[in-house]
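Colleague: Please take a close look at the smaller chain, beginning with its sheet and what packs on it. A comparable account of the other chain may follow.

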Amino acid sequence: MSDKNILENALTELERDQLDSGWVHFVCTIESFPNVSDYVNNSRGYPNGATVRGLPLEDDLIVANDDSGRLMLKLATWRVSGDDISALQPFIDDGDISILTSAEFAALKPEETQNI
Amino acid sequence: MSTILPGFFRPLGFDPLSLEPVLAFSAQSSMLEAGGAAAENLDLVPTLQNLVSGGANASQSTASKQPRAHVPLGDGHLYLPGVSGNYASVPDANNLDGFGDFALEFVGSSEDWHAGLAMTLIGKWNSSGGYFVRLQANGTLFFLYNTSGGQNYHYSTAAHNLVDGAKGGIRVIRDGSSIKFYENLFSGNGWQQIGSNVSGSATTLVNGSQALEVGTYNGGNAYPFNGPVLSTKIWNSSSPDTASPVLDIDFSDGDHKASSFTCSTGQTVTVHRTGSDPATLIGRNVLRFDGSNDYIGNSLSSDLNTAHAFIKFAVNGDTFSSTAPTTMALYRTEHWLTNAAAMFIGVGTTSTNARTFIGATVMQQSGKWNDDNETIIAEISISDGAHFSKVNNANLLTDSRAYSLNSNKFRIGAGSTSGNASIDVEQIYLFDFVLSSGESAKMFKHLE
């Protein structure tokens, strides 16, 4: 083992960002979102008692500011397992889902309106 | 002469429900999981049960927006979020390295002991050397240590069998030149060796100056642990079952949300915390909102024009992802721009000020929206041009402008679709009338 592994330089930029921020940042095409939502519901057994769905409805998500129409979703790292990423890999490979760093996500986020 | 009354004649403790609130939420008894049972530690909470009989529960039907329960394991634990900068440490001391034989022990729980990345258990290491033990993504254990002869590292010859979501323990023992890895599933079989002995170095470990860290190494920067930690022990002996430890941290010895405490072997344990889901000593039930997605709420059974509220909560972190993080809001429409009233609100992503407000910026409680303040009790009363707010029964602020509250909805953890707050909520009481000063004092004493 090299010192680089011990010092964590072996982590990817994305892994390092998730460890430092505590968030996983997704963008997803509108077309693929129903499949992603279905995956979450099926993998967690929703609807289940008081929980109707795993992810917000499409209309509740913010849209990226790059005219791509992609939906943006930020989840705490504890809500996302390695199995989830594996299950979503085909969508990632097809470009329907991208996992971004905090900075990349922030650059796509629409300007927030002050509501007081 | 004193008289001892039979039990049922003794005056009972004050019950806030006797004042007939419209909302009464307590993390001790209101947090329900999806099936309707009491939420356990780290469960999502879709329902916050109103303790008022027939009153409106708070609910959230989308899982990614549900807050999470934190419930003490046993007498308490240290929650670590798996995020850099969140860990516990004790200062360097001569008996925490420079070992001949030694044993390291970590007992905790994790929702995912087999996380996609490695997780550190114990470390006393920086770029100049030291030692640490961590779980690898493939389930083996990795142990590294520096001696005068150089750096040594070893993997267990088999994967651990710790069960996700359950209590588990790991021991690493150096006995002469043998490195031994053990696990304890706390299922009645005690400590069992993982794989077989690994051949290592018998040379004395170096004596470094770095702090000992729990849940990470290299100054809080390496493979942070995710989950509750119950205890951490170190022996300068290969016989942990008979020798006295040189470090014995039982995290239940720390007060709820304390930033430090003294463990039984005399060292000062410091809790390092950062971000919206920080490392926390959990000694009481709290409902944690993530500051980005979470909120829970409902409609009231009738319009509210006068209100008096007590909210016991703590702010997490120093930066906020929304411009106006809100602990609790009362409002009439789906958007709070019209006829809205937040009961307690932070201002801006960089400020640590806070304010209660009634449709405008009033009664600013300067400096109170700050994790340094730990748990606070916020009180706000709104009635017919005679409003006031207090924090911890002090900092009285008043406002006399005429406002109609005119609210029929409430939301906890956010104002509208934004305004999400990074907070731990313990108790909320909302009344549809203004309490007398005596009633208010009783409420504060009860929450305190």
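Modeller: Helices (H or I, at least four residues) and strands (E, at least two) are DSSP runs numbered from the N terminus, and two strands pair if DSSP finds at least two bridges between them. This is a predicted model, in which local features need pLDDT of at least 70 and side-chain atom pairs count only at pLDDT 80 or more, whereas totals for chains, interfaces and linings use all residues. Residues are numbered from 1 along each chain as written, chains are lettered from A and ligands numbered from 1 in the order written, and side-chain values use heavy atoms, leaving out hydrogens and water.

In chain A, four strands form an open sheet in the order E2-E3-E1-E4, with antiparallel pairing. Its edges are strand E2 (62–63) and strand E4 (97–100) of chain A, each of which pairs on one side only. Strand E1 (residues 23–28) of chain A is joined to E4(A) by four bridges, and the two run antiparallel. Within this pairing, A:His25 stands opposite A:Leu100 of E4(A).

Two helices lie across E1 and E4 of chain A. Helix H2 (residues 13–21) of chain A does so at about 125° to E1(A), and H4(A) does so at about 115° to E4(A). Here contact means heavy atoms within 4.5 Å; axes are lines fitted to C-alpha atoms, for helices over the stretch in contact, and angles run from 0 to 180 degrees between N-to-C directions.

The 12 residues of helix H4 (residues 82–93) of chain A should span 16 Å at 1.5 Å a residue (taken as 1.5 Å times one less than the number of residues), and the end C-alpha atoms are 16 Å apart, which agrees. After H4(A) comes A:Gly95, with a positive phi near 85°.

Chain A as a whole contains five helices and four strands, arranged along the sequence as α-α-β-α-β-β-α-β-α. Among its contacts with a separation of 6 or more, 69% are between residues 24 or more positions apart. Of its 116 residues, 41% count as buried (under 20% relative accessible area; exposed is over 50%, partly exposed in between, with a 1.4 Å probe and protein chains only). Its accessible surface (Shrake-Rupley method) comes to about 6000 Å², with 49% belonging to carbon and sulfur atoms.

Chain B also holds an open, antiparallel sheet, here of eight strands in the order E12-E11-E10-E9-E17-E7-E21-E20. Strand E12 (150–155) and strand E20 (260–262) of chain B are its edges; each has a single partner strand, so one side of each lacks a neighbour in the sheet. From one strand to the next, the twist averages 15°. Seven bridges connect strand E9 (residues 119–126) of chain B with strand E10 (residues 129–135) of chain B, which run antiparallel; B:Ile122 has B:Val133 of E10(B) as its bridge partner.

The largest nonpolar core (buried Ala, Val, Leu, Ile, Met, Phe, Trp, Tyr and Cys residues joined through side-chain atoms within 4.5 Å) has 43 residues, and B:Leu121 is one of those touching the most other members. Beyond four places in sequence, the residues that B:Leu121 touches include B:Phe106, B:Val133, B:Leu141, B:Ile170 and B:Phe225. A second, separate core has 41 residues, among them B:Ala27, B:Ala58, B:Ile296 and B:Val391.

Terms used: Areas by Shrake-Rupley, 256 points an atom, 1.4 Å probe, with all protein chains shown as cover.
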